[in-house]
Amino acid sequence: MPAPLSTRAEEPCDRVGDGDGGKSHVIVEFFSGIGGMRFAAESWAAAGNGRKVRVAAAFEISEQCNKVYAHNFGDAPKTQSIEHVDAALLDSLGADTWLMSPPCQPYTSQGLQKDDADPRAR
């Protein structure tokens, strides 16, 4: 089972330096939800399409989503809005790829159309 990303809001959620010598493709997830993008990336890598995938950090504001994510992967995203993620932390993670899966409701005709004023968009 992978090491926890973080289960406490005040701790950075990273696993940099896990000893694989740079063999992994390092990913940071924003708006991680229940982990659909992570699942896709890990499935792609497991099919022999590239290096092993390592999620260095994940960020999601929904505590319920974070519980499901933790159940699915054994580690939990940091419960934090991406507008408060420190640039120095992101640099320290050494990510090869940033994955984002923001909610569509703030922008769609079926949603409230609040655009970036919708708290789910942060």
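Buried here means under 20% relative accessible area, exposed means over 50%, and partly exposed is what falls in between (1.4 Å probe, protein chains only). Helices (H or I, at least four residues) and strands (E, at least two) are DSSP runs, numbered from the N terminus. This is a predicted model, in which local features need pLDDT of at least 70 and side-chain atom pairs count only at pLDDT 80 or more, while totals for chains, interfaces and linings use all residues. Residues are numbered from 1 along each chain as its sequence is written, and side-chain values use heavy atoms, with hydrogens and water left out.

**View 1. The two sides of helix α2.**
On one side of α2 sit the buried residues Asn66, Tyr69 and Phe73. Seen down the helix axis, the buried residues of α2 fall within an arc of 60°, so they line one face; the arc is that of the directions from the helix axis to the C-beta atoms. Flip to the other side of α2 and you find Gln64, Lys67 and His71, which are exposed. The cover over the buried residues of α2 includes β1, α1, β2 and β3. Val68 also belongs to α2, but at 29% relative accessibility it counts as partly exposed. Have a look at Gly33 too: it is 35 residues from Val68 in sequence, yet their C-alpha atoms are 8.5 Å apart in space. Just after α2 comes Gly74, with a positive phi near 85°.

**View 2. Helix α1, end to end and side to side.**
Helix α1 takes in residues 36-49, 14 in number, and spans 18 Å from its first C-alpha to its last, close to the 20 Å expected at 1.5 Å a residue. That expected span is 1.5 Å times one less than the number of residues. Which residues of α1 are buried? They are Arg38, Ala41 and Ala45. These cover an arc of only 70° around the axis, which puts them on the same side of α1. Their packing partners are β1 (25-30), β2 (53-60), α2 (63-73) and β4 (97-100), where contact means heavy atoms within 4.5 Å. The face of α1 turned away from the buried side has the exposed residues Phe39, Ala46, Ala47 and Gly48.

**View 3. The sheet and the helices packed on it.**
Four strands make an open sheet in the order β3-β2-β1-β4, with parallel pairing. Its edge strands, β3 (78-79) and β4, each pair on one side only. Two strands pair if DSSP finds at least two bridges between them; β1 and β2 pair in the parallel sense over six. Within this pairing, Ile27 stands opposite Val55 in β2. Helix α1 packs on the sheet and touches β1, β2 and β4, with its direction making about 175° with that of β2. Helix α2 packs on the sheet as well, touching β1, β2 and β3, and its direction makes about 160° with that of β2. For these angles, axes are lines fitted to C-alpha atoms, for helices over the stretch in contact, and the values run from 0 to 180 degrees between N-to-C directions.

**View 4. Aromatic rings in pairs.**
How many aromatic pairs does the structure hold? There are three. Rings of Phe, Tyr and Trp (its six-membered ring) pair if their centres lie within 6.5 Å; planes under 30 degrees apart count as stacked, over 60 as edge-to-face and the rest as tilted. Phe30 and Phe59 make a stacked pair, 5.7 Å centre to centre with 15° between the planes. This pair ties together distant parts of the chain, with Phe30 in strand β1 and Phe59 in strand β2, 29 residues apart. Both Phe30 and Phe59 are buried. Tyr69 and Phe73 make a tilted pair, at 5.0 Å centre to centre and 55° between the planes. They both lie in helix α2, four residues apart, or about one turn of the helix. Tyr69 is buried with a relative accessible area of 0%, and Phe73 is buried at 13%. Trp98 joins Phe30 and Phe59 in one aromatic cluster.

**View 5. Around the ends of β1.**
Ser24 sits in the segment before β1 and counts as buried at 3% relative accessibility. Leaving aside neighbours within four places in sequence, Ser24 is in contact with Arg51, Lys52, Arg54 and Asp96. Phe31 is in the loop between β1 and α1. Most residues other than glycine have a negative phi. Phe31 is not a glycine, yet has a positive phi of about 55°. At 10% relative accessibility, Phe31 counts as buried.
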